[in-house]
Amino acid sequence: MTKHWHIEKDISGLCWLSLDKTDSTTNVLSNSVLKELSELIDHLELDPPIGVIIRSNKTTGFVLGADITEFGALNGIEEAEALVLNTHRLFDRIENLPCPTIALIEGFALGGGLELALACDYRLVVMTDSRTIGFPEIQLGIHPGFGGTVRSVRILGALAAMDLMLSGKMLTPQQALNIGLISYVADRSQIETKARQLVSHKPPRKKAPLYLRFIRLKPCRIWLGRHLKKIISKRARQEHYPAPYSLIDLWVQHGGSDTEAYHAEAKSISRLLFTTTAKNLVRVYFLRQKLSGLSELASPIQSAHIIGAGVMGANIAAWCSLKKIIVTVQDSKKVIIEPALKKAASLFKRRLKDPKTLDSAHKRLRPDPEGKMIGDADIVIEAIIEQLDAKKVLLENIEQDLKSTAILATNTSSIDIEQLSGNLVHPERFVGLHFFNPVDRLPLVEVIRSDSTNTKYFEDAISFVRHIDKLPLPCRSVPGFVVNRVLAPYMLEALYAYQEGYQLETIDEAAIQFGMPTGPIELADRVGLDIALNVTQILRDKLPNANLELLIDKVKTGNLGVKTGKGFYTFDGGRPKKKKEYAKPGIELKDRLVLALVNEAMACFEDKVVEDLDLIDAGIVFGAGFAPFRGGPIQYARERGVKSVIDQLNLFEEKLGIRFKPNEGWQKLI
Ligand code: NAI
């Protein structure tokens, strides 16, 4: 009796193994799924059918990978290695069955799911335009572990296989076919006939082309390995992200021999699973799931009207249209709308390859300089300049033009929602939707409610954010919400350090060494020093003794950062000109920057801006790009030791001032 697998032998003698993992909407290779599969293979070895077809009975795809929820239950590296080796043996037995084996794939085939498919003779995939096939393991701080590092190289050749595994990118079936990762594609209606043909004709299995085989020679592997590490080091430091480096080492050392390579893979992945990087990246994966799961409602919103076509309005409009919302764009300066549409066109061109889909995205986005279409929109998003009075006047003027069921939203980055909705006739439908810049890259949207916001409108706003493929972070309305509030003391600390004589490059390097994607000074220049000043002024009572003179000076002289070509740095083609020679940062500087941020993260939680500490971590990772391998600021404090964080904050308070006073919330975590 099997729980997860259905086995059926048809009259032609073909055996169909269909996976339908119980108590789950998706198929993953949990221990019990693999154990059952092993028992089924026992039977097939004793009494081989004419062919075996492995497929999924779920509508959510073939197999999404190993069961990540089981990682935490592993009792050490040895136990992990034994489990991995067991799966290796199982996949070897599938590979060695005396009959043709086919992985019949519809939808996602990821990680362990793709590795299972690679152990079959043929991978036959239902055609779709979506990117459904890949090895995302590297994003979890590991690499493929069920034989994938060996089989992918054998089937694709090292160059394509390493590219796929190191990048974690996803391919469409057509792209996967082009590089030889899968064997055939077919329309859904033809797929079973095609599978039967493969069993009866047994065409030769795909292997890497001959001309790529010379790369298997050790001297080539050593040379190429060095080259790959050089490329990777520009994206990820080895001490922060060891997995890509281990993957390259595996191939360099064992790429020539299958047996040794399989064993080395098992050892390497088991070790990686217990690194703090992998544990924290798995945590970030679950944080993402948590935000994604905040709304299961289908969004009723089909159309949006965006007011303000500047940096943010243009990008929000483009993103919404990309995600199939009908969008109209308004701006008080008509000339601004044309460049906004051009920006959208460049996003569509990058993201949409099919001419029909591209055309539809263009058609969904329309200029509406005078706001004539506002009454048709299901949601109206205000994204004009960050000035309280300007926003209030606009909101009060447009309110009566809206459809009675429409949500009215603001993209303010710092102003209290209550202040904006105070004079509205219907404050209950007013929410904050705080997108981050650049909209197409940062996944978070803070969804902010005031005391007057009605729960239904708030929930609809959250489901809208999911509908456009962003991660919603529900927040209470307090100045700066979560992300800007937590970033402000970090940026200000960088300015204090600059005033004390640290070089700009030294300060940015300190943050990058910690794992931040950009240093605080460059970040301020990129956000815009006028916006940074505005936010810090609004947060002033949270920032004791904040010295804003530097920012005020820059804004007065029109040096606003990347948008004017000069801020703290001078920009050339959008890139800051940084000195090559600068003093290397010490531990104290790193700690000052990081602990200013970490302490504010706790203050934000204590102010009940969000419901739990995980949401603080999620906000800072997805909205500010906080080093994902550290799992978020609160997780970082836990890992470092809360007591040690408090002690260091106390030392900084004595030396540098009241701004470092440890938040009382830390005591609850001791
Ligand atoms: P921006 O200055 O680039 O664009 C503002 C646009 O609003 C301009 O095109 C202006 O002509 C238009 N505008 C001004 N008053 C108007 C009115 N009464 N009616 C119609 N259009 C009007 O500003 P940006 O940077 O796009 O910021 C917009 C909002 O988004 C602000 O609230 C800002 O705090 C927020 N925000 C900005 C971020 C950034 O990185 N720039 C990030 C997240 C939020």
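Q: Why is the sulfur of C120 too far from the closest cysteine sulfur for a bond?
A: In this predicted model, the closest cysteine sulfur to that of C120 belongs to C99 and lies 10 Å away, whereas a disulfide requires two cysteine sulfur atoms within 2.5 Å. The pair therefore does not qualify as a disulfide, and a search of the whole structure finds zero disulfides. C475 is likewise in no disulfide, the nearest cysteine sulfur, that of C604, being 7.6 Å away.

Q: What makes C120 count as buried?
A: The relative accessibility of C120 is 2%, and a residue is called buried when this value is under 20%, so C120 falls into that class. C475 is judged in the same way: with a relative accessible area of 3%, C475 is also buried.

Q: Why are α19 and α20 described by the orientation they have to each other, and what is that orientation?
A: The axes of helix α19 (residues 504-514) and helix α20 (residues 520-527) cross at roughly 100° and come within 7 Å. Since angles of 65 to 115 degrees count as roughly perpendicular, the two helices are therefore given that description.

Q: Which residues make the contact of α19 with α20, and how do they divide by character?
A: From α19 the contact draws on L504, I507, D508 and A511, and from α20 on P520, I521 and E522. These residues divide into five nonpolar, no polar and two charged.

Q: How do you know whether E493 is buried or exposed?
A: E493, which is found in helix α18 (residues 483-500), has a relative accessibility of 2%; set against the limit of under 20%, this value makes E493 buried. Leaving aside residues up to four places away in sequence, E493 touches R592, L593, A596, L656, R659 and F660.

Q: What makes β12 and β17 stand at the edges of their sheet?
A: Eight strands form an open sheet of mixed pairing, in the order β12-β11-β10-β13-β14-β15-β16-β17. Within that order β12 (365-367) and β17 (471-476) each have a single partner strand, so one side of each is left without a neighbour in the sheet. On average, and with direction ignored, neighbouring strands of this sheet are turned by 25° against each other. Helix α11 (residues 276-292) packs on the sheet, where it touches β16 (444-449) and β17, and its direction makes about 75° with that of β17.

Q: How do you know that β13 and β14 pair, and in which sense do they run?
A: Two strands count as paired if there are at least two bridges between them, and strand β13 (residues 379-382) is joined to strand β14 (residues 407-410) by four bridges, the two running parallel. Among the opposing residues, I379 has I407 of β14 as its bridge partner, and I381 stands opposite A409 of β14. Strand β10 (residues 303-307) also pairs with β13 in the parallel sense, over four bridges, with I306 having I381 of β13 as its bridge partner.

Q: Why are both faces of β13 called covered?
A: In a regular strand the side chains alternate between the two faces of the sheet. On one side of β13 lie I379 and I381, on the other V380 and E382, and all of these are buried.

Q: What makes β16 largely enclosed by the rest of the structure?
A: Five of the six residues of β16 are buried, and so the strand is largely enclosed. Strand β15 (residues 430-435) is joined to β16 by four bridges and runs antiparallel to it, G432 having I448 of β16 as its bridge partner. The pairing of β16 with β17 is parallel and extends over six bridges, with E446 standing opposite L473 of β17.

Q: What makes the peptide bond between N437 and P438 a cis bond?
A: The omega angle of the bond that joins N437 and P438 is about 0°, and the bond is cis; P438 is found in the loop between β15 and β16. Most residues other than glycine have a negative phi, and most peptide bonds are trans.

Q: What is the phi of K324, and how do you know whether K324 is buried or exposed?
A: K324 is not a glycine, yet it has a positive phi of about 75°. K324 lies in the loop between α12 (311-322) and β11 (326-330), and its relative accessible area of 60%, set against the limit of over 50%, makes K324 exposed. Another residue other than glycine with a positive value is K202, whose phi is near 45°, in the loop between α7 (191-201) and α8 (218-235).

How values were computed: Residues are numbered from 1 along each chain as its sequence is written. This is a predicted model: local features need pLDDT of at least 70, side-chain atom pairs count only at pLDDT 80 or more; totals for chains, interfaces and linings use all residues. Side-chain values use heavy atoms; hydrogens and water are left out. Buried means under 20% relative accessible area, exposed over 50%, partly exposed in between (1.4 Å probe, protein chains only). Axes are lines fitted to C-alpha atoms, for helices over the stretch in contact, and angles run from 0 to 180 degrees between N-to-C directions. Angles under 35 degrees count as roughly parallel, over 145 as roughly antiparallel, 65 to 115 as roughly perpendicular and the rest as oblique. Contact means heavy atoms within 4.5 Å. Ala, Val, Leu, Ile, Met, Phe, Trp, Tyr, Cys and Pro count as nonpolar, Asp, Glu, Lys and Arg as charged, and the others, Gly among them, as polar.
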